[in-house]
Amino acid sequence: MILEKMSWSSEFSVGVEKLDDQHKKMIRTINKLIENPDSSVDSEVVSEVLNELRQYACEHFELEETILEEIGYPDLECHKAEHKAFREKLVAVCSATTVHINDVPSILFNFLNDWLVNHILQDDMKYRSFLIDKNIITSSKQLISHKDLFIAGESLPPSPHSKS
Ligand SMILES: [Fe+2]
Ligand SMILES: [Fe+2]
């Protein structure tokens, strides 16, 4: 089966520049699998993809969770649980790779495609709406840097949902 490469669209923007950059990187990682449909479990491509995912799970989740905490995002615990589930699945795929399970490339592709559709384009999008509601960004087209966001976050009243 030949799949078409994915491309970034402004509709995917969560409103925070650095987070968008990290999501774009994730799309490039998925495209690596699409561009190399015949990669085996022991291929260089699979090893690169797993390395990129480890980096994504480390850097991206940390920044995203810090930002969500800063802005008093009410669904933070749920969001963190989703990230934790991703990390656990990644560990499972890494273990499957170590024992050379042939289906790893397709397992990886389905895992990442599902993550893009159900997490990045749905769960992550919900905090963009929250940023707009809080007037941190004024429209779905505006982008804020994470540094400016931390400054804006400090002047926000405490969220009624945040635990003190
Ligand atoms: Fe994200
Ligand atoms: Fe997320």
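Entry 1, exposure of T138. I call a residue exposed if 12 or fewer other C-beta atoms lie within 10 Å of its own. I worked on a predicted model throughout. For T138 I found 11 C-beta neighbours inside 10 Å, so T138 counts as exposed. I then looked up where T138 sits: it lies in the loop between helix 4, residues 104-133, and helix 5, residues 146-154. I also checked T138 against T97, which is 41 residues away along the chain. The C-alpha atoms of T138 and T97 are separated by 45 Å.

Entry 2, the whole chain. I noted five helices and zero strands. Read along the sequence, the pattern is α-α-α-α-α. The C-alpha trace spans about 50 × 30 × 20 Å along its principal axes. Of the 164 residues in the chain, 20% are buried. I also looked at contacts between residues at least 6 apart in sequence, and 71% of these join residues at least 24 apart.

Entry 3, nonpolar cores. Which residues touch the most other members of the largest nonpolar core? I found V16, I71 and I136, in a core of 13 residues. Helix 2, residues 44-70, and helix 4 each supply at least two residues of this core. I followed V16 further and left out residues up to four places away in sequence. On that basis V16 touches I67, I144, H146 and L149. I also recorded a second, separate core of 11 residues, with I30, V49, V93 and L112 among them.

Entry 4, helix 3 against helix 4. I looked up the axes of helix 3, residues 76-98, and helix 4, and they come within 11 Å. These axes cross at roughly 170 degrees. Angles over 145 degrees count as roughly antiparallel. Helix 3 and helix 4 are therefore roughly antiparallel to each other.

I listed the residues on each side of this pair. From helix 3 I have H79, E82, F86, K89, V93, A96 and T97. They meet V104, I107, L108, F111, W115, H119 and D123 in helix 4. How many residues of each class make up the contact of helix 3 with helix 4? I noted eight nonpolar, three polar and three charged residues.

Two residues came up twice in my notes. V93 is in the second core, and V93 is also on the helix 3 side of the contact with helix 4. T97 is on that side too, and T97 is the residue I set against T138 in the first entry, at a C-alpha separation of 45 Å.

Notes. Residues are numbered from 1 along each chain as its sequence is written. Chains are lettered from A and ligands numbered from 1 in the order in which they are written. This is a predicted model: local features need pLDDT of at least 70, side-chain atom pairs count only at pLDDT 80 or more; totals for chains, interfaces and linings use all residues. A nonpolar core is a set of buried Ala, Val, Leu, Ile, Met, Phe, Trp, Tyr and Cys residues joined through C-beta atoms within 7 Å. Two residues are in contact if their C-beta atoms, placed from the backbone, lie within 7 Å. Axes are lines fitted to C-alpha atoms, for helices over the stretch in contact, and angles run from 0 to 180 degrees between N-to-C directions. Angles under 35 degrees count as roughly parallel, over 145 as roughly antiparallel, 65 to 115 as roughly perpendicular and the rest as oblique. Ala, Val, Leu, Ile, Met, Phe, Trp, Tyr, Cys and Pro count as nonpolar, Asp, Glu, Lys and Arg as charged, and the others, Gly among them, as polar.
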